[in-house]
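Look at the structure below before reading on. The text then goes through confidence, one helix and a pocket.

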Amino acid sequence: MADDRELLERIQALTDAMAEGPALPRSEMEPIVTDGYARALELDAECLRIERRIDELTHDTGVVGHDMAGGELPALLRRLQEAARQSTELRELLAPLRKIVSRAAA
């Protein structure tokens, strides 16, 4: 979580700097954008793991007749929703910066 806050602060600082004047050098922007997208991919992978676990739980309950682990499903659903929200938010923050970096690379 602390790493996520630090990353968001770096992205926000870059966005603020872009709003104040001319674009920063690509060499300063690219690592932040890359780190941001790497974190978004980690969150996407976490969503997939959570979805697989939800599938396991619901399959075991429906087919085998096992009781669901008390509270595990609601906790997984909350975490899935949070990870998906974080990934979407991160990608929305990064999209304009990615365009600038892409233009600078061309």
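**A predicted chain, its first helix and a pocket**

The mean pLDDT (the predictor's confidence in each residue, from 0 to 100) of the protein chain is 86, and 85% of its residues reach 70 or more. This is a predicted model, in which local features need pLDDT of at least 70 and side-chain atom pairs count only at pLDDT 80 or more, while totals for chains, interfaces and linings use all residues. Residues are numbered from 1 along each chain as its sequence is written, and side-chain values use heavy atoms, without hydrogens and water.

Helix H1 covers residues 2-20, 19 in number. Helices are DSSP runs of H or I with at least four residues, numbered from the N terminus. From first C-alpha to last, H1 reaches 27 Å, close to the 27 Å expected at 1.5 Å a residue (1.5 Å times one less than the number of residues).

Which residues of H1 are buried? They are Asp4, Leu7, Ile11, Leu14 and Met18; buried means under 20% relative accessible area, exposed over 50%, and partly exposed in between, with a 1.4 Å probe and protein chains only. These buried residues lie on the same side of H1 because they cover an arc of only 95° around the axis, taken from the directions from the helix axis to the C-beta atoms. An α-helix has 3.6 residues a turn, so residues three or four places apart point the same way. On the other side of H1, Arg5, Glu9, Ala19 and Glu20 are exposed.

By class, the lining of the largest pocket has 5 nonpolar, 1 polar and 6 charged residues. A pocket is an open set of points on a 1 Å grid over the protein atoms alone, where a 1.4 Å probe fits, with protein on both sides within 12 Å along at least five of seven lines; lining residues have an atom within 4 Å of a point. Ala, Val, Leu, Ile, Met, Phe, Trp, Tyr, Cys and Pro count as nonpolar, Asp, Glu, Lys and Arg as charged, and the others, Gly among them, as polar. The largest share of this lining, 5 residues, comes from H3.

Key:
Helix = DSSP H or I, 4+ residues; strand = E, 2+ residues; numbered from the N terminus.
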